[in-house]
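Ready for a few exercises at the bench-side screen? Have the viewer open, try each task yourself, and then read the solution.

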Amino acid sequence: MEQSKKGIAVSLVGILLNLLLAGGKIAVGIVFSLVSVVADGVNNLSDCGSGIVLLVSMRISQKPADREHPYGHQRAEYVASMLIGCLILVFAVELARESIEKCVAGTLSQGGLWLYAVLGVSIAVKAGMALMYGMQARAQRSQSLKAAAADSLCDCIATFAVILGVVISQFAALPADGYAGLLVAVFIGWESISVLRDAGSSLLGKAPDAALSDRVREVILSGEGVLGVHDLRIYRYGPEKFFATAHIETDASLPAVLTHGHIDDVERAVERETGVILTGHCDPVTYGDEESLELESRIRAAVTGMYDNMDLHDFRLVRGARLKAVFEVGVPYDCKEKDEKIRADVLAAVKIITDIETVVTVERE
């Protein structure tokens, strides 16, 4: 909650600073008849809109879970990042258009002390804002604050290009501000695409950091009664909202009530140590089952090498009305074959060895 309050405060400061910069640039641009400076001021005005989007998204992300959104509202930050990325892209296109017009017309820019003072202050302020947003983005793991930091950095470069163009135009009698503006527009456009790509990836379900997965696995394996873990999956519902499922291997000879208690303890430990809300599935492991070990060895030999880096795990014999072999095969994400084809190939190989009912699950690892 404290971090969220800091994020809102940072957003409010950003809106105020952008309003002041927009007013100063537009006024100076009108006085010196510099369209590029006026455009730079309008860009700061659009940044106010980005700041409002950021502020609203932070307020929404703080809302608790409800019936329609049982996992909370933190993904609102990803939506805000995409909106900010779109605003940056619109500015890049507009800047490119104006720069091309200047290059074609051969317009020369005129400068003055007040112009350089306002633009110099703008660069300093925007650099400070980029630092402020960036620090808070790292503290909160906020995608929208990271996008705002990128936007502020782009503004620094755009304003510097305006100054450089004015100086070169005065001393070299060339429309250098147009060419500089065009280069900056390309840079800003690329940055906007990067922001959109990151936000879109998060909305689509970007994998969490490997360090978080490793830490969750470490906490699970340290739990009492845990013999192993596999099929750990972590789902992100916001910068600080993670859920996970895992298959936790336990001794099949232990009473179910005792095993259930061990898994409950593991789930609480994972949430306490990592903040990830875990649901553990119990996988009983039977030691000394010669029939199971012998059949697993034969099946493993039959399917090994069928696909590159394919792994067989979680093998077990289920003894009920009928004997059933159940196991999973993991294949890399970059394997081109479809899961249905992989499953059919594995079942065909198993059928040569045994005629017992076989259940195969294909996983991408």
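Below are five exercises, each followed by a worked solution.

**Before you start.** This is a predicted model, in which local features need pLDDT of at least 70, side-chain atom pairs count only at pLDDT 80 or more, and totals for chains, interfaces and linings use all residues. Residues are numbered from 1 along each chain as its sequence is written, and side-chain values use heavy atoms, with hydrogens and water left out.

**Exercise 1. Work out how helix 9 is placed, starting from its span and its buried residues.**

Step 1: Find the helix. Helices (H or I, at least four residues) and strands (E, at least two) are DSSP runs, numbered from the N terminus. Helix 9 covers residues 290–303.

Step 2: Check the span. From first C-alpha to last, the 14 residues of helix 9 reach 20 Å, close to the 20 Å expected at 1.5 Å a residue. The expected span is 1.5 Å times one less than the number of residues.

Step 3: Sort by accessibility. Buried means under 20% relative accessible area, exposed over 50%, and partly exposed in between (1.4 Å probe, protein chains only). In helix 9 the buried residues are Ser-292, Leu-295, Glu-296, Ile-299 and Val-303. These residues cover an arc of only 105° around the axis, so they sit on the same side of helix 9. The arc is that of the directions from the helix axis to the C-beta atoms. As background, an α-helix has 3.6 residues a turn, so residues three or four places apart point the same way.

Step 4: Look at both faces. The buried residues of helix 9 pack against strand 4 (311–319), strand 5 (323–331) and helix 10 (339–353); contact here means heavy atoms within 4.5 Å. Exposed residues Glu-290 and Ala-301 are carried on the face turned away from the buried side.

**Exercise 2. Which residue forms a salt bridge with Arg-300, and where do the two lie?**

Step 1: Apply the cut-off. A salt bridge is a side-chain nitrogen of Lys or Arg within 4 Å of a carboxyl oxygen of Asp or Glu.

Step 2: Find the partner. Arg-300 pairs with Glu-296, and their closest N and O atoms are 2.8 Å apart.

Step 3: Place the pair. Both residues lie in helix 9, four residues apart, about one turn of the helix.

Step 4: Check the surroundings. Arg-300 counts as partly exposed because its relative accessibility is 30%, while Glu-296, at 17%, counts as buried.

**Exercise 3. What does the salt bridge of Arg-233 with Glu-363 tie together?**

Step 1: Take the distance. The closest N and O atoms of Arg-233 and Glu-363 are 3.1 Å apart.

Step 2: Place the partners. Arg-233 belongs to strand 1 (residues 228–236) and Glu-363 to strand 6 (residues 357–364), so the salt bridge ties together parts that are 130 residues apart in sequence.

Step 3: Compare cover. Arg-233 is partly exposed at 35% relative accessibility, whereas Glu-363 is buried at 6%.

Step 4: Widen the view. The structure holds twelve salt bridges in total. One of them joins Asp-314 to Arg-316, with closest N and O atoms 3.0 Å apart. Elsewhere, salt bridges that share partners link Arg-215, Glu-218, Arg-272 and Glu-273 into one network.

**Exercise 4. Are Asp-231 and Asn-309 buried or exposed, and what is the phi of each?**

Step 1: Read the backbone angles. Neither is a glycine, but Asp-231 has a positive phi of about 55° and Asn-309 one of about 60°.

Step 2: Locate them. Asp-231 is in strand 1; Asn-309 is in the loop between helix 9 and strand 4.

Step 3: Judge the cover. With 10% relative accessibility, Asp-231 is buried. Asn-309, at 67%, is exposed.

Step 4: Add a glycine. Just after helix 9, Gly-305 takes a positive phi of about 85°.

**Exercise 5. Describe the surroundings of Ile-277.**

Step 1: Place the residue. Ile-277 lies in strand 3 (residues 276–285), and a relative accessible area of 30% makes it partly exposed.

Step 2: List the contacts. Leaving out residues up to four places away in sequence, Ile-277 touches Phe-242, Phe-243, Ala-244 and Glu-271.

Step 3: Take a C-alpha distance. The C-alpha atoms of Ile-277 and Tyr-235 are separated by 9.7 Å, and the two residues are 42 residues apart along the chain.
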